[in-house]
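Trainee: Please choose one part of this model and take me through it closely, and then place it within the rest. I would like a single connected account, with the terms made clear where the reasoning depends on them.

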Amino acid sequence: MEHDGWSLMDRCCDLCRHSAETPCRNYVSCRIDGPLCHDDKDCKEKRMRRIYEVRNGRGGLKISIGMGSCGLAVGARDVYHAALKYIEEEGLDASVTPVGCMGLCYMEPLLEVHRDGLPSTIYGRVTAESVDDILDTYLSGDIRGAFALRDRAGVARGESEIPLLEDIDFFKYQVRWVTRNCGVVNPESIEDYIVYGGYLGLAKALESTPEDVIETIRKSGLRGRGGAGFPTWLKWSICRRAEGQPKYVVCNADEGDPGAFMNRMLAEADPHRVLEGLIIAAYAIGASYGYIFVRAEKPLMADRLEKAVEDARRYGLLGHDILGSGFSFDVDVVRSAGAFVCGEETAMLAAIEGGRAMPRQRPPYPATYGLFGKPTVINNVETLAHVATIMSDGWEKFTSYGTEKSKGTKVFCITGSATRTGAVEVPIGITVRELVFKVAGGVRKGRRFKAVQIGGPSGGCLPEAMLDLPMDYESLISAGAIMGSGGLIVIDDGSCIVDVARFFTSFTMAESCGKCIPCRIGSKILYDTLTRIIDGEGSEEDLKILEEVGMFMKNASLCALGQTAPNPILSTLRYFRDEYEAHIKEKRCPARVCSKLVNYVIDEGICVRCGLCAKQCPVQAIVRGDDGAYRVDPSICVRCGQCMLVCPREAIVKR
Amino acid sequence: MQHAVKPQVVEDTRFIYEAVEDAVRRYGRSRKALIPILQSIQAKIGYLPRIGLEKVSNHLDIPLSTIYGVATFYHQFILEPPGMHIIQICMGTACYIRGNSDNYRFLLNLLGIESNKRTSKDGLFTVLRVRCLGCCSLAPVIKVDDGVYGRVDFNEIRRIISFYRSKAKTDNPSSG
């Protein structure tokens, strides 16, 4: 954010001595409660004024626009400029702030406006053209047409018709613990983060011993949020005790699961929380250097993390002798060149070292033998954000959420055919049904629920009957899925389960690094077998091949990518065997997706007889009859679908 | 943002060498500098030309075959000159389920790209299939250079392509 001169991060007067070179122990708490080292009414007031401005906007008017990748994809930048223009033209004293994504992707772009005395009001699906109108109406005290309210003032026209954010279905079940700042703070402003309680966790950690920090995380019961659910404290403790210097910490921001974007959301919306968690982890294990490994396809996440690192360094929260504690630590943001397997710990380390990202045999685990052969802890973005939050708010609060074995909250991303798509943070243990039907509102209009795919290409598909399963690590594994990073893809009756299974297999086949045979050859066999079934050439023998090769890959692959690659197939064979059998025995695709098993038909009511399809058809299967109508001859048709693609009227349908 | 400037596709030896020198100066000669160096060269040149990789091999004292191994391993690297605009079509699960595989075929058809090629004959577009751009709730998604387009269908794709085509004509009327 552009400041008019003084920022809360700066010295209030010459009595303050803090700088990156001469760090002050109380720097963080002094920002909000200060000045602590001297008594000065002017200094105090200056701070209070600034905190008020950050929270409520200059002149008590603050306009926040959701500018995560998802918001930007549907025009948030234009909305932002429209809001700036409005403020300028109206000559208003106000702040226009970019904020991260609050998870309400289905309502993007989002605009929130707050004026002192009026309720903080959120508008959804805003366009650049509608900004003037929205702000005019809001400032006149009329909030009709808004999406939700963050608080109530009881004075605005139409206020009773607009629900509070926490009362809408999408938010009702949520606990905003680690995502509390998403959509609230300006991710590019360290000052915003500090005003909302940032870096207090780090300050507390540095006041206690590394052992105490590990103990706090142990008591919280925090488990890795990246997939396997390994206890975070244990990883740290092994690494702390391991011999070898220097030690490293790596933040795994290589979020590659299709359908999962909680790390992108967190790191884009609240990058300092992730960085704070990383610094705390480094302190706990005694690491002197860290890397944040960010996926190439998510450049905004890398940009925001880089900015966070720079700002933290500038104010002495990173670098030599952090906050005068004697602990020194610095971080480099590394942009991955893109390979799904980089999400595997040892493959990621190979990538940072500058080679092909190929996993190696474990043990030894990275905690004892990691980056450049030194003890290394790798934690994922969400895990680190939890670390920072647990340190600042205490482990007791964290353990009040979740189940006996899995504590706390987890961010899930709900996409696919859901009515409301986005990211939600809920206590672990919520049932799949609650997530899919209550939070996400079930499937799109006109469709029927078929399955929900959990955990990406390593996860499995669950049918309607399994929906009362609680979302925790153990329950999901026993059902054949995994928590993974927490992506839920809702599949409706318009999708073919065999086709979806082949989609995931094509993904893992392409992403297999090729080092071990079970994964390299196995994924190819699975893919070819599924293709045979999809093309109507499958036999019952093929189902056995899928199961046998799948189990073989599970048991014999070198890394988790290969071990979990058969999950989508094995789980769908378990719950949707009839769909496989329909393809094999009846040569029929129940969802009419598999092109070789469907017929293309021209709807004469819609067709305008332009003849484009007949021209496009590579095998002349479309001919014009004596009555002038075009028809597809199914005995010649090769089901390439070209006709459907060129038809200007969408008159060609699959039957 | 450092991605905002589109790299110029150049095949001029001097430019390529300069890009290599700049990258080596910035990231050093250690093994772990290799990937950032390749990324930096591609950001300037638009792809990784062989003569550039040979130069990197000399500077870092890493065999060309090893560098080639790294460059072909990662999705980000392109070893042939790409078209003027790079279209990334997301093949993440959500985009796939919401129709991007049809969109992909439609796009190739619209641009007249043959099935074993990635770049259109007029050199305007290179189409790459990518893994999840992380905008799953706006599926299906395509990205043209740095612009992300959510909730696309055939009509939207037609509109996007004609926008870039007419832009190319205005930018460069003689070749239109």
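Mentor: Two strands are said to pair if DSSP finds at least two bridges between them, and that criterion is what we need for the part I have chosen, a sheet in chain A; please keep in mind throughout that this is a predicted model. The sheet is open and is formed by 5 strands of chain A, in the order β2-β1-β3-β4-β5, with mixed pairing. Its edges are taken by β2 (95-99) and β5 (148-149) of chain A, each of which has a single partner strand, so one side of each is left without a neighbour in the sheet. At the β5(A) edge, the partner is strand β4 (residues 121-123) of chain A, and these two strands pair in the antiparallel sense over 2 bridges. The criterion asks for at least two bridges, so with 2 bridges β4(A) and β5(A) count as paired. Within that pairing, A:Thr121 has A:Leu149 of β5(A) as its bridge partner. Helix α4 (residues 76-90) of chain A packs on the sheet, where it touches β1 (61-66), β2 and β3 (111-115) of chain A, and the direction of this helix makes about 165° with that of β1(A).

To place the sheet in its setting, chain A has 26 helices and 18 strands, and its C-alpha trace spans about 95 × 65 × 40 Å along the principal axes. The radius of gyration of chain A is 27 Å, which agrees with the value near 26 Å that a compact globule of 655 residues would have.

A helix pair elsewhere in chain A offers a second view of its packing. The axes of helix α8 (residues 200-207) and helix α12 (residues 271-285) of chain A come within 9 Å and cross at roughly 10°, and the two helices are therefore roughly parallel to each other. On the α8(A) side the contact involves A:Gly201, A:Leu202, A:Ala205 and A:Leu206, which meet A:Glu276, A:Ile279, A:Ile280 and A:Tyr283 of α12(A); these residues divide into 6 nonpolar, 1 polar and 1 charged.

Finally, there is the contact between chains, in which 42 residues of chain A are in contact with 37 residues of chain B. On the chain A side, α3 (69-73), α13 (299-314), β10 (409-416) and β14 (487-492) each supply at least two residues, and α3(A) gives the most, with 4 residues. The chain A residues on this side divide into 20 nonpolar, 14 polar and 8 charged.

Technical notes. Residues numbered from 1 in each chain as written. Chains lettered and ligands numbered in written order. Predicted model: local features only at pLDDT ≥ 70, side-chain atom pairs only at ≥ 80, totals over all residues. Axes fitted to C-alpha atoms, helices over the stretch in contact; angles between N-to-C directions. Parallel < 35°, antiparallel > 145°, perpendicular 65-115°, else oblique. Contact = placed C-beta atoms within 7 Å. Nonpolar A, V, L, I, M, F, W, Y, C, P; charged D, E, K, R; others polar. Rg over C-alpha atoms; globule rule 2.2 N^0.38 Å.
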